[in-house]
Amino acid sequence: AQIPGFRPGKAPAAVIKKKYQPQILSELANKVVPDTMAEWIKEKDVKAVGTPRLSDMDMKEKESFNYTVLLDVAPEIELHDWKGLKAESLDVKVDDEMVEQRVQHLREHDIERNKITDRGAQTDDTVNIQLTVIDTEVGETVTDLDSYKIQLGGEGTHPVLSKLVEGMSAEDAKTEETVGAEDDHFESWRGKKIRIMLEVLDVVHEVLPELNDDFAKNHDAESMDDLRTKIREKLLTDATEQEKMRLNQELIKQHMDAYDFEVPQDMTNEAAYQQVQAQLMPYAHMFGPQGPDQNMVGEMMRMALPQDVFKVRADLVLDKIAKGEE
């Protein structure tokens with residue numbers, strides 16, 4: 001150790017111990033606490049939950065090392081009678097309309113997208129453009145989009161942009177000055193003198209597949225009748241399973257009305273954290289290496305806590321029922 005006032009390696013042991021006492025205690029705690037805590041929890045058969053929090057420690061050299069931890073434990077639960085609970089089951093049905101909706105969903109999923117290169121854009125084509133719009137009075141860019149799709153002839157299509165791109169082909173560009181409508185889809189254009197600059201990236205014509213035996217075979221069926229039969233069976237199976245889950249939840253809620261016990265905050269916090277992580281998982285690629293904003297995570301956890309308190313309490317009761325029933 002290099003201690004000011006002493007040559008390297010020549011400082012007295014007492015000086016080194018005093019200077020490095022916090023590090024020594026920290027190393028000792030890291031080595032000793034986990035093992036001795038685990039032994040104590042097993043010996044006392046404590047139902048510990050969450051992470052123990054070290055609150056105090058004291059070392060007497062060559063004598064003892066004492067520490068104090070704050071430890072959450074699962075509550076003791078006295079089971080109430082849970083057999084004979086009743087809930088009314090809903091009549092599960094699948095009608096023709098539901099089957100046809102699923103057929104149309106499959107059809108739209110299989111839509112054929114053909115890039116158009118031998119003519120300009122026309123009705124029923126989808127035109128993908130790069131769009132920049134400037135407020136000419138202040139010289140400020142109010143819209144700058146690398147990609148914006150326009151379905152020519154489609155419901156809700158922007159009227160000005162639709163008119164501009166009609167007849168245009170890939171790589172064509174156009175500039176137009178106009179005044180934004182008072183009810184324009186783009187709020188930043190409303191009532192302003194604007195310059196629209198756009199470039200067509202591609203023109204695509206979408207073709208829905210025919211509902212025939214070839215379509216059915218693409219979805220593991222021999223014919224359209226066979227496909228509709230399989231869709232009906234799958235919808236009925238899914239609906240039946242959802243109804244079972246609903247009944248289970250209804251019975252659990254009924255039974256939980258008989259209990260009023262507190263659960264450790266660590267358990268509900270962990271349940272809320274796990275729920276939020278599951279919600280954010282599909283969007284992980286959008287957050288980058290730094291991960292999601294922690295303020296957002298905290299707010300999501302706060303919103304999730306009420307239902308997770310119920311879930312944790314119900315899980316504790318169900319776990320005790322399950323163990324009793326082996």
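**Helix packing, salt bridges and cores in a predicted model**

The buried residues of helix H5 are covered by, among others, H2, H4 and H8; contact here means heavy atoms within 4.5 Å, and buried means under 20% relative accessible area, with exposed over 50% and partly exposed in between (1.4 Å probe, protein chains only). Helices (H or I, at least four residues) and strands (E, at least two) are simply DSSP runs, numbered from the N terminus. The model is a predicted one, so local features need pLDDT of at least 70 and side-chain atom pairs count only at pLDDT 80 or more, while totals for chains, interfaces and linings use all residues. Residues are numbered from 1 along each chain as its sequence is written, and side-chain values use heavy atoms, with hydrogens and water left out.

H5 itself has 33 residues and reaches 47 Å from its first C-alpha to its last, close to the 48 Å expected at 1.5 Å a residue (the expected span being 1.5 Å times one less than the number of residues). Its buried set is made up of Met-224, Leu-227, Ile-231, Leu-235, Glu-243, Leu-247, Ile-252, His-255 and Met-256.

Helix H2 tells a similar story about length: its 14 residues should span 20 Å at 1.5 Å a residue, and its end C-alpha atoms are indeed 20 Å apart. Val-99, Val-103, Leu-106 and Arg-107 are the buried residues of H2. Seen down the axis, they fall within an arc of 100 degrees, so they line one face of the helix; the arc is that of the directions from the helix axis to the C-beta atoms. Turned away from that buried side are the exposed residues Glu-97, Glu-108 and His-109. Cover for the buried residues of H2 includes helix H4 (213–217) and H5. At the N-terminal end of H2, Asp-95 acts as a cap, with a side-chain oxygen 3.3 Å from the backbone nitrogen of Glu-97.

Next come the charged pairs. Side chains of opposite charge can pair when their charged atoms come close. Counting a salt bridge as a side-chain nitrogen of Lys or Arg within 4 Å of a carboxyl oxygen of Asp or Glu, the model has 15 salt bridges. One of them joins Arg-232 to Asp-96, with the closest N and O atoms 2.6 Å apart. Arg-232 lies in H5 (residues 224–256) and Asp-96 in H2 (residues 96–109), so this pair ties together parts that are 136 residues apart in sequence. Arg-232 is partly exposed at 32% relative accessible area, whereas Asp-96 is exposed at 53%. Glu-100 and Arg-228 also meet in a salt bridge, again with an N to O distance of 2.6 Å. That pair links distant parts of the chain too, with Glu-100 in H2 and Arg-228 in H5, 128 residues apart. Glu-100 is partly exposed at 29%, and so is Arg-228 at 24%.

A more local case is the salt bridge between Lys-323 and Asp-319 (3.3 Å, N to O). The two are four residues apart in helix H8 (residues 294–325), so about one helical turn separates them. Lys-323 is exposed at 60%, while Asp-319 is partly exposed at 39%. Elsewhere, Arg-53, Asp-72 and Asp-266 are linked in a network of salt bridges.

As for the nonpolar side, a core is taken as a set of buried Ala, Val, Leu, Ile, Met, Phe, Trp, Tyr and Cys residues joined through side-chain atoms within 4.5 Å. The largest such core has 20 residues, and Ile-129, Leu-131, Leu-161, Ile-196 and Leu-198 have the most contacts inside it. Strand S4 (125–135), strand S5 (140–151), helix H3 (159–165) and strand S7 (193–207) each supply at least two of its residues, with the largest share, five residues, coming from S7. Apart from this core lies another, of 15 residues, including Ala-74, Val-263, Ala-271 and Ala-314.

Two hydroxyl residues round out the picture. Thr-143, in S5, is buried at 6% relative accessible area. The Thr-143 side chain makes a polar contact with that of Trp-189 at 2.8 Å; such a contact is a pair of N or O atoms within 3.5 Å, where, within protein, one must be able to donate a hydrogen and the other to accept it, and residues adjacent in sequence count only if both atoms are side-chain atoms. Ser-162 sits in H3 and is buried at 13%. Leaving aside neighbours within four places in sequence, Ser-162 is in contact with Ile-150, Leu-152 and Thr-157.
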